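Visitor: I have the sequence and the 3D view open, and I'd like to know what backs up the labels. Can you walk me through the reasoning?

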Amino acid sequence: MLRHGTRVNLILRHSPHLPPRTAPTLHRYITTRVSVQAPAKVNCTRPTTTTTSRVPKFASRTLATTSTPPDLASVIAAVKMSTPPQQPPNWKYTPEEVKKSANDMAASFKKLDDQIGAIPIEEATYENTIVPQLELENTTALPRNQLTFFQHVSADKELREASAEAEKILMDASVESTMRHDVFQRVEAVHKQLDELKKTLDPEYIRAIEKMYKGYVRSGLGLPEETRKEVEALNKRKGELAIKFSNNLSNDTSFLAFTAEELEGVPKDVTDGFEKTEDGKLKMTFQYPDLFPVLRSAKNPEVRKKAFLGDQNRVKDLNTPLLKETVEIRTKLANLLGYRHHCDYVLEDRMAKKYENVMPFLEDLKERIKPQGEKDIAELLPIKKADYEAQGKSADYKDVLYVWETRYYLNKLLEDQFKIDQEKIAEYFPLQNVLDKSLAFFENLFSLKFVETPKDQASTWHEDVKQYAVWKYDTAEPVFVGWFYLDLHPRPNKYGHAANFGIGPGFTDLKDGSRTYPATSLVCNFTKPTAEKPSLLKHSEVTTFFHELGHGIHDLMGTTKLSRFHGTSVSWDFVECPSQMLEFWTWEPEQIKHFSAHYKDGSKMSDETIKSLVATKHVCDGLHYLRQVHFAMFDFGLHNKGIKDTPADLDKTWNDMREEIALVKNDGESMAGYSTFGHIMGGYDSGYYGYLWSEVFAADIYYTRFKDDPMSTKSGLDYRKAILDRGGSRDEIEGLKEVLGREPNNDAFLKELGIAA
Ligand SMILES: [Zn+2]
């Protein structure tokens with residue numbers, strides 16, 4: 001997570017925008033006696049390797065006879081002695097098998113659609129129309145995720161290429177499937193039977209029918225044929241525009257050339273990495289590892305300004321028309337589907353539900369945080385003034401903070417006043433120690449146990465990967481949770497950030513009630529330890545690790561019946577909440593102390609260092625959050641209007657809103673930051689507010705349940721059961737209310753920022 005950069009949602013989903021069929025996981029559990037059609041067989045060359053069986057009873061009588069949680073030692077002993085009820089996924093695929101499996105899977109989608117499409121509409125039932133689809137979702141979830149996962153982690157080039165190809169095959173098949181009008185008609189017929197079905201079916205299946213039906217309707221299948229065709233064409237065009245926009249960003253090789261003198265202040269290891277122009281100048285590209293150190297450290301104000309403006313405008317001419325057309329298409333689509341605007345269309349399917357719920361939320365934050373932002377600026381300006389004086393440029397000094405100055409003066413503030421040496425702090429966080437203590441933390445808080453598989457017995461995609469069997473023991477007997485993978489270190493061609501990739505969701509078999517357990521992975525890039533030095537984590541990396549681990553735990557704990565609701569398959573404006581909440585622990589002095597152990601002698605971090613570290617947590621947070629509000633409001637400003645009102649002058653809107661909301665000045669410069677704002681072109685359109693939305697709930701839960709007693713097992717268990725275990729099987733607000741004991745509010749979030757509620 002970038003504390004002062006655009007936050008990136010690092011939980012990956014394989015197909016975020018498509019209705020049911022593309023959901024990576026699915027579970028089903030029949031509570032009433034219904035006759036079930038033979039499930040569609042998944043025709044893969046390599047069948048799902050998970051075996052499903054019930055959790056075995058533990059032999060130990062002491063465990064079996066007690067009704068309170070047994071003591072940890074006996075649980076550990078029992079767990080170690082026992083064998084997980086399900087083998088870990090098999091990772092031995094050849095490139096040919098990957099491609100064949102993808103093609104077979106795509107064919108199985110079509111075969112099932114044909115089968116359902118052939119049922120006379122008046123004969124469509126839950127059993128013959130819905131059940132087979134849910135079954136297929138269940139059985140294809142694990143292999144589907146595996147096939148598309150190899151491209152991010154495999155050391156084998158051919159396997160990576162086959163995996164990327166598999167993703168395309170499966171994506172195309174999913175798109176085709178979601179446009180099957182004949183299938184929609186049968187689903188619609190079942191949807192009309194909902195009142196009757198509610199009498200016998202578990203609410204989770206009812207929810208699945210509603211979501212499935214709604215998914216088709218939202219794709220336009222409820223419209224007359226002529227309009228449907230128009231919707232299809234518009235969607236296709238929209239997809240092309242998104243790809244172009246993203247390609248323009250990733251293919252951008254533009255740079256600025258500076259002399260070494262101009263780059264004074266930028267760390268040498270950064271400038272050493274810059275290529276040179278023919279006349280010997282240094283090339284600063286707009287990739288973050290080049291750009292951010294310049295914005296943060298270059299002494300020359302003109303250089304920082306040039307770098308910032310250059311970045312904002314680097315693909316302006318290419319991407320502005322693409323964004324404009326996309327916004328027009330979205331508005332048109334929303335109108336065709338019967339919505340006022342694109343915001344209404346998006347929010348209907350989110351936790352926030354309504355545009356009218358989000359705008360006041362943002363307005364409120366904007367007003368309440370504003371004084372904090374003004375205070376931050378008042379803190380930075382004297383530093384700016386002193387800097388100008390020291391450089392003999394007093395005559396040029398202006399008493400305002402420009403948008404291109406924030407990073408530099410924030411960095412100065414941290415260095416000069418807080419005297420934080422991140423490298424020294426990292427010496428207290430050797431990776432292995434952080435890892436052991438993190439897992440122990442989750443074990444204590446959520447009543448879990450991680451048992452590492454010996455290396456020679458593990459089933460993984462690379463020899464560096466660690467595999468764990470995870471158990472929970474809040475019941476009389478330990479219950480198997482699932483498989484957990486840690487892929488910690490960089491290697492060539494591996495995914496380059498830290499993220500949680502779901503591997504296989506858990507679900508309960510529709511026919512025999514047997515359980516399939518989930519598997520999930522954390523893919524990170526921590527420096528490999530050497531003979532002389534272990535891998536050391538900066539404090540921000542400890543926080544990131546905790547955050548991603550939070551997604552991983554969320555993705556493991558699901559106990560839903562349907563795989564489509566498993567784990568992190570929750571609304572996009574809620575998915576970050578559990579991980580954002582976990583970040584709080586990494587800022588608690590007691591926890592920092594506990595997690596620290598100097599790599600040379602195991603000593604703890606001093607109270608004084610911890611105090612200065614914690615003091616930096618909210619430095620300039622007012623400006624940070626106002627910037628987030630600016631992004632969110634700009635996003636809404638684009639999408640909340642009718643087609644005729646699409647902002648003609650995006651530059652002006654972007655810049656005016658920034659001055660007004662984020663409080664940093666533009667000095668009359670024209671900037672097109674929206675043209676590099678990938679979020680609003682792909683996945684976060686009308687959704688950027690989600691980062692703030694979920695963070696507010698994260699703070700509320702932490703303050704209400706954990707602030708006074710961070711290691712409360714009761715709170716941990718309540719939270720796990722209300723939020724993590726339930727995944728997306730009910731509206732998120734229900735879980736929140738359960739864990740809070742009331743409606744959520746933003747008091748804790750504001751309190752954390754030092755703002756009176
Ligand atoms: Zn995240």
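Visitor: Why is α4 called largely enclosed by the rest of the structure?

Guide: This is a predicted model, so keep that in mind throughout. A residue is buried when its relative accessible area is under 20%. In α4, 26 of the 28 residues are buried, so the helix is largely enclosed by the rest of the structure.

Visitor: How do you know that the span of α4 agrees with what its residues should give?

Guide: α4 covers residues 126-153, and at 1.5 Å a residue its 28 residues should span 40 Å. The end C-alpha atoms are 39 Å apart, which agrees. There is a kink in α4, though: about 45° at T140, shortly before the proline P143.

Visitor: What makes α12 largely enclosed?

Guide: Apply the cut-off of under 20% again. In α12, 10 of the 13 residues are buried, so that helix is also described as largely enclosed by the rest of the structure. Among the buried ones are P301, R304, K305, F308 and D311. As for span, the 13 residues of α12 (residues 301-313) should cover 18 Å, and the end C-alpha atoms are 18 Å apart, which agrees.

Visitor: And α15, what is its reach against the expected value?

Guide: Helix α15 (residues 355-390) has 36 residues and reaches 49 Å from its first C-alpha to its last, close to the 52 Å expected at 1.5 Å a residue. α15 has a kink of about 40° at K370, shortly before the proline P371. Just after α15 comes G392, with a positive phi of about 70°.

Visitor: Now the metal. Which protein atoms are the donors of the zinc ion?

Guide: The donors are NE2 of H547, NE2 of H551 and two OE entries from E576, lying 2.1 to 2.8 Å from the zinc ion. To count as a donor, an N, O or S atom has to be within 2.8 Å of this metal. Along the chain, the donors follow the spacing H-x3-H-x24-E. H551 sits in helix α19 (residues 539-557) and E576 in the loop between α19 and α20 (577-583), 25 residues apart, so this pair links distant parts of the chain.

Visitor: Why is the arrangement around the zinc ion called irregular?

Guide: For four donors to count as tetrahedral, all angles must lie between 85 and 135 degrees. Here the 4 donor atoms subtend angles of 50 to 138°, which makes the arrangement irregular. For reference, the ideal angle for four tetrahedral donors is 109.5 degrees.

Visitor: Are H551 and E576 buried or exposed?

Guide: H551 has 1% relative accessibility, so H551 counts as buried. E576 comes in at 5%, so E576 counts as buried too.

Visitor: What makes β4 and β5 a pair?

Guide: Two strands pair if there are at least two bridges between them. β4 and strand β5 (residues 466-472) have 5 bridges, in the antiparallel sense. One bridge to look at is K449, whose partner in β5 is W471. Strand β4 (residues 448-452) is mostly covered, with 4 of its 5 residues buried.

Visitor: How many disulfides turn up?

Guide: A search of the whole structure finds 0. The cut-off is a pair of cysteine sulfur atoms within 2.5 Å. As for individual cysteines, C343 has a relative accessible area of 0%, so C343 is buried. C620 is at 3%, so C620 counts as buried as well.

Visitor: Why does K419 count as exposed?

Guide: Exposed means over 50% relative accessible area. K419 is at 65%, so K419 counts as exposed. K419 is in the loop between α16 (406-417) and α17 (422-426), and has a positive phi of about 50° although it is not a glycine.

Visitor: What about N493: why is that one exposed?

Guide: N493 is at 51%, so N493 counts as exposed by the over 50% cut-off. N493 is in the loop between β6 (479-487) and β7 (499-504). Phi of N493 is near 70°, a positive value in a residue other than glycine.

Terms used:
Residues numbered from 1 in each chain as written. Predicted model: local features only at pLDDT ≥ 70, side-chain atom pairs only at ≥ 80, totals over all residues. Heavy atoms only, no water. Donors = N, O, S within 2.8 Å, 3.2 Å for Na, K, Ca; no water. Tetrahedral: all angles 85-135°; square planar, octahedral: opposite > 155°, others 65-115°. Helix = DSSP H or I, 4+ residues; strand = E, 2+ residues; numbered from the N terminus. Buried < 20%, exposed > 50% of the residue type's maximum accessible area, 1.4 Å probe, protein only. Expected span 1.5 Å × (residues − 1). Bend = angle between axes of the 7 residues up to and from the residue.
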